[in-house]
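Colleague: Could you take a close look at one part of this model for me, the places where its pieces meet? I'd like it in one go, with the numbers.

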Number of protein chains: 2
Amino acid sequence: MTSMSSRAPLPFDPVEEARRHWAGHGWADAAEGMAAVTSLMRAQAIVLARVEAVLRPLGLTFARYEVLMLLLFSGRGSLPLSRIGERLQVHPASVTNAVDRLEATGLVERTPHPTDRRTTLAALTPAGRELATKATEALNAEVFARPGLPADDVRTLVDVLATMRRGAGDF
Amino acid sequence: MTSMSSRAPLPFDPVEEARRHWAGHGWADAAEGMAAVTSLMRAQAIVLARVEAVLRPLGLTFARYEVLMLLLFSGRGSLPLSRIGERLQVHPASVTNAVDRLEATGLVERTPHPTDRRTTLAALTPAGRELATKATEALNAEVFARPGLPADDVRTLVDVLATMRRGAGDF
DNA sequence: CTCAAATACTTGGATACCCAACTATTGAAG
DNA sequence: CTTCAATAGTTGGGTATCCAAGTATTTGAG
């Protein structure tokens, strides 16, 4: 899932380094895309590590935090597992797993769908609602409010990634 | 590790949606950072899925592909496991795991370090070298050459992410 | 020189995620 | 209506990643 303890910085940008190698191997036309993909992976790992470090003391992982927030923002605090998977872009089996654990710690409850007996709803418990709020306040203070980038760059990043996601059929 | 089969697009941008909720809960000051983090996670998942889909038929995962490429670009095609972990930003245990599997499929060999007996080197085999090249050509053609973004945006993305990574101590 | 601290790697335990396969329901075609 | 395809969830199997702890070796302090 995450983290990385906190290694020492490299003396050079590994993405730049890889780009040079790509060019040297006659792959120059793909070098820029490779750089984008590699940057994305590394940046995601770094951010995920920061997020998980904040959530760990609260007994949460990012995956479970996302489920909690989705429920918190849903009208009645409950959703079919299938909707959760769609929204979070994860496999149904991953939802089963996350809800299992949230249920085991009393943050969520499974309840039957009123009309469709195939469907199971995940419903926030009061403890789940409270923890979701507390976790968000911690994340806001320690990560989201300090993205490690100037505000302009943050907006640019969000916009470019939105373009990419739209093109990939995320929404 | 990855993928997602290929769900139907959502009828709205979930990141935008979350931003509205953040504002509505009095967390407006952290909304932009939240959007950046969430976008990054989703975009990474999408790209990783594309990459893994290309590598799967070759019997590789992205983690192992990265190890192979690192070795390919190193002078003699061999590196201490510790260097691999530093470069790829992963825990030593993850390197052990990846090298175990690469070794089991004959793509890499463990050899003792000539002077430091604590250290183990991972060395590319001819098969490993060949597969690394073939996998790169597949990735170049199917992913890196079509990042799903205009060239300008790709460059912007790489630059912004480099700024973020530098600030986070990636290099 | 000796011994404690640092470094390198592995192992065991845990979480997350995917896929394939399977059960249960619902829905739609005939 | 009956039947078969589609939908919802779960289970079992596999990979990746992390952390904590343990072994081996090297390095540095005194």
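Modeller: Sure. Let me begin inside chain A: the count of salt bridges between domain 1 of chain A and domain 2 of chain A is zero. Keep in mind that this is a predicted model. Polar contacts do turn up there, though: five residue pairs cross the interface of domain 1 of chain A and domain 2 of chain A, both partners at pLDDT 80 or more. On the side of domain 1 of chain A that touches domain 2 of chain A, the classes come out as six nonpolar, three charged and no polar residues.

As for where the cut falls, domain 1 of chain A runs over 12-58 and domain 2 over 59-142. Their centres, taken over C-alpha atoms, are 30 Å apart. Nine residues of domain 1 of chain A touch eleven residues of domain 2 of chain A. Between them the two domains bury about 840 Å², with 69% of that on carbon and sulfur atoms. If you want names, go to A:Val54, A:Leu55 and A:Leu58: together they supply 68% of the area that domain 1 of chain A buries against domain 2 of chain A, more than any other three residues.

Now for the contact between the chains. Chain A and chain B bury about 6700 Å² between them, and 72% of it lies on carbon and sulfur atoms. Here the top three residues on the chain A side are A:Met41, A:Phe73 and A:Arg87, and they supply 10% of the area that chain A buries against chain B, more than any other three residues. In residue terms, the contact takes 68 from chain A and 68 from chain B.

Charge pairing does show up between the chains, with a count of eight salt bridges between chain A and chain B. For one you can find on screen, look at A:Glu17 and B:Arg87, whose side chains meet in a salt bridge at 3.9 Å, N to O. On top of that, twelve residue pairs are in polar contact across the interface of chain A and chain B, both at pLDDT 80 or more.

Which helices does chain A bring to this? Helix 1 (14-24), helix 2 (28-55), helix 3 (62-72), helix 4 (81-88), helix 6 (126-144) and helix 7 (151-167) of chain A each supply at least two residues of the side that touches chain B. Helix 2 of chain A gives the most, with 17 residues. Sorted by class, that side of chain A has 40 nonpolar, 15 polar and 13 charged residues.

Terms used:
Residues numbered from 1 in each chain as written. Chains lettered and ligands numbered in written order. Predicted model: local features only at pLDDT ≥ 70, side-chain atom pairs only at ≥ 80, totals over all residues. Heavy atoms only, no water. Domains from an automatic or database assignment. Contact = heavy atoms within 4.5 Å. Buried area = accessible area lost by both parts, 1.4 Å probe. Salt bridge = Lys/Arg side-chain N within 4 Å of Asp/Glu carboxyl O. Polar contact = N/O pair within 3.5 Å; in protein donor to acceptor, adjacent residues only side chain to side chain. Nonpolar A, V, L, I, M, F, W, Y, C, P; charged D, E, K, R; others polar. Helix = DSSP H or I, 4+ residues; strand = E, 2+ residues; numbered from the N terminus.
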